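Open the model in your viewer and keep a selection prompt at hand. The stops below each name what to select and then what is found there.

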Amino acid sequence: MTDAHAQTPKIPLGVGAIISNSFSILFKNFPKVLALGFIGALIVFLSDFLLLGANKTLSFGDPSTSEPSNVGAFLASLVITMLVYSLTSALFIQLAYDAKLGRRNSIGTYIRFALPAVLPIAILSLVVGLLAAIGAIGLIIGAFFVYAMFYVMAPVAIIERTGFGSLRRSVQLTKGYLTSIVGLLLLIFLIFIVLGLMFAFIAVVLANIGGPIFAGITIVILDGLSYAFGGIIVALVYARLREIKEGVDVDQIAAVFD
């Protein structure tokens with residue numbers, strides 16, 4: 001792989017195909033996807049409920065009358081959220097490759113392979129978030145370009161076991177494709193906004209009919225599906241970049257799980 005090849009890619013990333021394949025994998029494996037996503041989102045929801053309070057967790061009520069902010073509780077919630085997000089991302093990345101190849105693995109196998117990468121992913125995700133915030137100070141779109149540079153950090157950490165060097169490896173893989181990945185991120189952002197508005201409306205209706213418990217379940221389902229979709233799509237982007245730049249196919253990538 002040369003710098004010239006990375007800067008002037010002749011093969012398109014195929015954003016449309018990646019999104020289409022991601023939805024296909026999600027719906028074809030919906031029971032497992034929903035179960036894994038729901039469990040992860042439920043852990044985050046319950047921890048937020050206990051640490052931050054009902055109003056902040058459900059986003060209901062007048063913010064001025066909600067529980068006072070607690071820095072310690074907020075930081076604890078952030079740590080739990082990042083760890084759960086990292087684990088669920090690792091699980092869905094593996095599931096995406098198995099689904100692509102028509103293979104089946106147990107959830108225990110996924111967890112066993114994912115655990116060593118959880119801490120690096122969590123810490124590096126925080127680093128990427130801080131860098132994106134700095135980029136957003138100058139220009140909002142700058143945050144998207146920062147995320148694009150480090151977008152495949154999680155699958156790199158899981159597949160290649162590069163630990164804290166995963167950021168550098170992600171920059172290498174995404175080089176020359178930042179504009180395409182930013183476009184993909186913007187599409188994902190719009191999809192999440194539409195789905196979020198739909199589920200928020202449903203949550204409010206359920207809260208008025210059956211109380212906050214039903215609204216909470218709706219929020220957990222939405223969050224779980226967002227974990228799943230995000231994990232699946234980043235797995236496909238990583239596989240596509242490895243295919244374009246290094247001639248590595250999905251079979252070779254998924255072989256590390258054997």
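In which helix does Arg-242 lie? Select Arg-242 and follow the backbone on either side: the residue belongs to helix α11. This is a predicted model, and the tour starts from this side chain before moving outwards.

**Stop 1: Arg-242**

Is Arg-242 buried or exposed? Its relative accessibility is 13%, and because the limit for buried is under 20%, Arg-242 counts as buried. Show its side chain together with that of Tyr-238: the two make a polar contact at 2.5 Å. Next, display what Arg-242 touches beyond four places in sequence, namely Glu-160, Arg-169, Leu-173, Gly-247, Val-248 and Ile-253. Keep Arg-169 and Leu-173 selected, since both return at the stop on helix α9.

**Stop 2: the whole chain**

Zoom out and colour by secondary structure. The protein chain has 12 helices and 0 strands, and its pattern along the sequence reads α-α-α-α-α-α-α-α-α-α-α-α. There are 258 residues, of which 42% count as buried. If you draw a contact map, look away from the diagonal: among contacts with a separation of 6 or more, 75% are between residues 24 or more positions apart.

**Stop 3: the largest nonpolar core**

The largest nonpolar core holds 68 residues, and the members that touch the most others are Tyr-97, Tyr-151, Val-152 and Ile-158. Helix α11, residues 212–246, supplies the largest share of this core with 15 residues. As background, nonpolar side chains in soluble globular proteins tend to be buried together.

**Stop 4: Tyr-97**

From those core members, select Tyr-97, which sits in helix α5. Tyr-97 counts as buried, at 1% relative accessibility. What is in contact with Tyr-97 once its neighbours within four places in sequence are left aside? The list is Pro-155, Ile-159, Ala-235, Tyr-238, Ala-239, Val-250, Ile-253, Ala-254 and Phe-257. Two of these names need a second look: Tyr-238 is the polar partner of Arg-242 from the opening stop, and Ile-253 is also touched by Arg-242.

Ala-235 takes part in a polar pairing here, with its backbone oxygen 2.7 Å from a polar atom of the Tyr-97 side chain. For a C-alpha distance, pick Tyr-97 and Leu-236: they are 139 residues apart in sequence and 8.0 Å apart in space.

**Stop 5: Ser-86**

Stay on helix α5, which covers residues 71–101, and move to Ser-86. Ser-86 is buried at 0% relative accessibility. Which backbone oxygen lies 2.7 Å from a polar atom of the Ser-86 side chain? That oxygen belongs to Met-82. Apart from neighbours within four places in sequence, Ser-86 is in contact with Val-118, Ile-121 and Ala-122. The C-alpha atoms of Ser-86 and Leu-124 are 9.9 Å apart, with the two positions 38 residues apart in sequence numbering.

**Stop 6: α3 against α5**

Add helix α3, residues 30–52, to the view: α3 and α5 pack at an angle of about 175°, with axes 9 Å apart. That angle makes the two helices roughly antiparallel. To show the contact, select residues on both sides, including Gly-37, Gly-40 and Ile-43 of α3 and Ser-77, Ile-80 and Val-84 of α5.

**Stop 7: Val-220**

Return to helix α11 and select Val-220. Val-220 is buried, with a relative accessible area of 2%. Beyond four places in sequence, Val-220 touches Phe-38, Ala-41, Leu-42 and Phe-45. Its C-alpha atom is 9.6 Å from that of Leu-46, a residue 174 positions away along the chain.

**Stop 8: Arg-161 and helix α9**

Arg-161 lies in the loop between α8 (153–159) and α9. Although not a glycine, Arg-161 has a positive phi of about 55°. Its relative accessible area of 38% makes it partly exposed.

Now select α9, residues 166–174, and view it down its axis. Its buried residues are Ser-166, Leu-167, Arg-169, Ser-170, Leu-173 and Thr-174. They lie on the same side of α9 because they cover an arc of only 160° around the axis. The last selection is Gly-176, which follows α9 and has a positive phi, near 90°.

Terms used
Residues numbered from 1 in each chain as written. Predicted model: local features only at pLDDT ≥ 70, side-chain atom pairs only at ≥ 80, totals over all residues. Heavy atoms only, no water. Helix = DSSP H or I, 4+ residues; strand = E, 2+ residues; numbered from the N terminus. Buried < 20%, exposed > 50% of the residue type's maximum accessible area, 1.4 Å probe, protein only. Contact = heavy atoms within 4.5 Å. Polar contact = N/O pair within 3.5 Å; in protein donor to acceptor, adjacent residues only side chain to side chain. Core = buried A, V, L, I, M, F, W, Y, C linked by side-chain atoms within 4.5 Å. Arc of directions from axis to C-beta. Axes fitted to C-alpha atoms, helices over the stretch in contact; angles between N-to-C directions. Parallel < 35°, antiparallel > 145°, perpendicular 65-115°, else oblique.
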